[in-house]
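Trainee: I have a model open and some labels to justify. Can we go through them one at a time?

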Amino acid sequence: MRVGMLTSGGDCQALNATMRGVAKSLYKLFDDVEIIGFEDGYRGLIYADYRVMKSSDFSGILTRGGTLLGTSRQPFKLMRVPDDYGLDKVESMKHTYRKLRLDCLVVLGGNGSQKTANLLQEEGLNIVSLPKTIDNDLWGTDMTFGFQSAVNVATNAIDCIHTTAASHGRVFIVEVMGHKVGWLTLHAGMAGGADIILLPEIPYDMDIVVKAIKERTKRGSRFSILAVAEGAISKEDASLSKKELKEKKKSGMIYPSVAYEIGAMITEKTGQEVRVTVPGHTQRGGEPCPYDRVLSTCLGAEAANLIKAKKFGYMVAVKNNEITSVPLREVAGKLKMVDPNSSIIRQAKMIGISFGDE
Ligand code: F6P
């Protein structure tokens, strides 16, 4: 049994833990298994940059963040575009797979990577994939590995802001990653006790955000903390077409990110001092939290099960607290977003958190 393995796209804390789960299970399930690790994600598969892994490579890595194989972003939309030297990337990946006589390829990746995984299975390769991303935006799974670890880091950032915020009478904004979705901001915001949470799925009205801050001041609170998703969007911008929004951003782009723009508006409308904190890539760094270590181990073991059962073209997933699998063709190209009408949003609103919408 020859299994290829790669980690693709933005890294996260539990990639090594997941590879360990897959590898240790494979070594148990098969008498004779060889794992080929591709360097830097699909780049390694395209350019045949790989190494034969030893079982010892997968020991002692449960708690180690990052990825021992390295990763890179190879955009899905460019997969069908030849590289600078005219190389057909898809043909090249198929060639590497066949030259190495792989029985299957294990892909640990997020949205774009799952699309490429689906493309490769449509091209006839045996693929098993695993749901990686701190954004938790993969359709078909309730949970992705990396998410809870990132929630921990972002929550810690908000916790730290809390103590300094309590000392100064200021408005603090913590900008949280998550790309186009708000899962990370929602969970870190609630866990960190943020007063206002702004998500891409719930466009905000600046007047309502300002009203929420003023009401807190009126009630005697010295500070307010906003957890703002990097993809947060105003009602006004959300009503524009993609093209109009792009043009607006091009013409008036004076802030490094949304948190700074919101911060400037708050100062203008309230006269209050505002400080912005962007934890950025620290949210993908450090060691995986215990939840992710367990999740990754279970997902990895299930990936090995799928390989044993020759059930290819699937992504391992979590549904209703059970480890299961979903066809890659159903996952590819779909985003799992926060439902503005979900119970968690309703409950957050019940305790007084403002989402800047009402
Ligand atoms: O998808 C994970 C993620 O960390 C997003 O939350 C963020 O928008 C993006 O990757 C950042 O990407 P990069 O590391 O390429 O700057």
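Mentor: We will take the aromatic pairs, then the charges over rings, then the cores. Keep in mind that this model is predicted.

Trainee: What makes the pair of Phe38 and Tyr50 edge-to-face?

Mentor: The ring centres of Phe38 and Tyr50 are 6.1 Å apart, and the cut-off for a pair is within 6.5 Å. Their planes stand at 65 degrees. Over 60 counts as edge-to-face, so the label holds. By this rule the count comes to two aromatic pairs.

Trainee: Which parts does the pair of Phe38 and Tyr50 tie together?

Mentor: Phe38 lies in strand β2 and Tyr50 in strand β3. Those parts are twelve residues apart in sequence.

Trainee: Why is Phe38 called buried, and why is Tyr50 called partly exposed?

Mentor: Phe38 has a relative accessible area of 0%. Buried means under 20%, so Phe38 qualifies. Tyr50 is at 33%. That falls between 20% and 50%, so Tyr50 is partly exposed.

Trainee: How do you know that Lys336 lies over the face of Trp183?

Mentor: Lys336 is at 5.5 Å from the ring centre of Trp183. The distance cut-off is within 6 Å. Arg216 lies over the face of Phe223 too, at 5.6 Å. Trp183 itself is a buried residue of helix α6.

Trainee: What lies between domain 1 and domain 2?

Mentor: The largest nonpolar core, of 62 residues. Helix α5 gives the most to this core, with eight residues. Both domains give residues to this core, so it lies between them. Apart from this core lies another, of 25 residues, with Phe38 among them.

How values were computed:
Residues numbered from 1 in each chain as written. Predicted model: local features only at pLDDT ≥ 70, side-chain atom pairs only at ≥ 80, totals over all residues. Heavy atoms only, no water. Buried < 20%, exposed > 50% of the residue type's maximum accessible area, 1.4 Å probe, protein only. Helix = DSSP H or I, 4+ residues; strand = E, 2+ residues; numbered from the N terminus. Core = buried A, V, L, I, M, F, W, Y, C linked by side-chain atoms within 4.5 Å. Domains from an automatic or database assignment. Phe/Tyr/Trp six-rings, centres within 6.5 Å; stacked < 30°, edge-to-face > 60°. Lys NZ or Arg CZ within 6 Å of the ring centre and 35° of its normal.
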